[in-house]
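I opened the notebook to look up one helix packing and the enclosed and open spaces in this model.

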Amino acid sequence: MTVTLADVAARARVSPATVSRVLNGNYPVASSTRERVLRAVDELDYVLNGPASSLAAATSDLVGILVNDIADPFFGIMAGAAQSEIGGPGDGSGRAGGEKLAVVCNTGGSPERELTYLTLLQRQRAAAVVLTGGALEDPAHQAAMAAKLAKLADAGTRIVFCGRPPLPDTDAVAAALTFDNRGGARRLTEHLITLGHRRIGYVAGPLERTTTRHRLEGHREAMAAAGLQGDEENLTEHGPYDRGSGYDATRELLRRAPDVTAVVAANDTVALGACAAVRDRGLRIPEDVSVAGFDDLPFSVDAVPALTTVRLPLFEAGARAGRLAMGKETPPPGGIATIDAELMERGSTAPPSH
């Protein structure tokens, strides 16, 4: 015989409404009452009907976390931290009571897939959606995203951006945690200029991505402030945020501008490729060419020499996004918080020797 919500309520000696509150985690319940309800759920082996519950309520127990590439530590760290807050630590019993099911959606950087996942999450009446990383700067895609997020928000879904700037002209986003990519990139290039570098190559990320633009703008602001602008295009290469791109782009930069004494990479993974390209050319790091990255991913300190980079608090940002998605934390004033980026000076950068 199928166990019902009323059966659980009778066993726990509470009302069906109280059982619903404990299982949905959407209303404060005394700890002793919560324990009685969860014990009754275990004893009766009651399973909440998720689809039916989501039809009766505004939202389900599902939270979507959208990432470009889960294999990239940048996204994996944020997604894992968010999931730890969304799933909750539990009480050690394996019982669910107010936690949500976090589903990581890997878009592969495809704008079409990003919209498809949002549609699927909308159909599932997701309680929240966390969107991580940079956004595509395409007006048509931005308009489609704004419309989709507005529909989700109208249905009760909480929207959180993590490491991603808010969309223009939309009130659908509950909170946006943005990284100071521009400021971090500016400080990194200022560090190289202070060391004496004047010919600095830049391996940028994909065109039309907000992260790419902001980091490149910060780099060029520092170059302009030092009177070193004028050859930006010749000293810049664009490509994906991966090691292969860093290798190929750096080889091209060194071919085109052999007097380059430093290379700034779009992120730490790209920087590893840049280091390999420098070495394959028979040059030393940092004696002949300094190399710098961005993000301070876990492997950065173990590179040889250790990578000078810009630290983004990825875990902390992801965890905060998870709390915001769960309604555990009050959104920042105005809905937007800018997270500082910290320069990490290590052995891969030094004064130029020629």
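The entries below take the helix pair, then the cavities, then a pocket.

Before starting I noted that this is a predicted model, in which local features need pLDDT of at least 70 and side-chain atom pairs count only at pLDDT 80 or more, while totals for chains, interfaces and linings use all residues. Residues are numbered from 1 along each chain as its sequence is written, and side-chain values use heavy atoms, with hydrogens and water left out.

**Entry 1, helix pair.** I looked up helix H1 (residues 5-12) and helix H3 (residues 31-44), which pack at an angle of about 120° with their axes 9 Å apart; helices here are DSSP runs of H or I with at least four residues, strands are runs of E with at least two, and both are numbered from the N terminus. Axes are lines fitted to C-alpha atoms, for helices over the stretch in contact, and angles run from 0 to 180 degrees between N-to-C directions. H1 and H3 are therefore oblique to each other, given that angles under 35 degrees count as roughly parallel, over 145 as roughly antiparallel, 65 to 115 as roughly perpendicular and the rest as oblique. On the H1 side I listed Asp7, Val8, Arg11 and Ala12, and on the H3 side Arg36, Val37, Ala40, Val41, Glu43 and Leu44, with contact meaning heavy atoms within 4.5 Å. These contact residues divide into 6 nonpolar, no polar and 4 charged, where Ala, Val, Leu, Ile, Met, Phe, Trp, Tyr, Cys and Pro count as nonpolar, Asp, Glu, Lys and Arg as charged, and the others, Gly among them, as polar.

**Entry 2, cavities.** On a 1 Å grid over the protein atoms alone, a cavity is a set of points where a 1.4 Å probe fits but cannot get out, a pocket is an open set with protein on both sides within 12 Å along at least five of seven lines, and lining residues have an atom within 4 Å of a point. Grid points are joined across faces, edges and corners, and a volume is the space filled by probe spheres set on the points. I found 2 cavities of 30 Å³ or more, the largest with a volume of about 70 Å³. H9 gives the most to the lining of the largest cavity, with 3 residues, and that lining divides into 5 nonpolar, 3 polar and 3 charged. The second largest cavity has a volume of about 60 Å³, and its lining divides into 3 nonpolar, 6 polar and 3 charged.

**Entry 3, pocket.** The second largest pocket has a volume of about 320 Å³.
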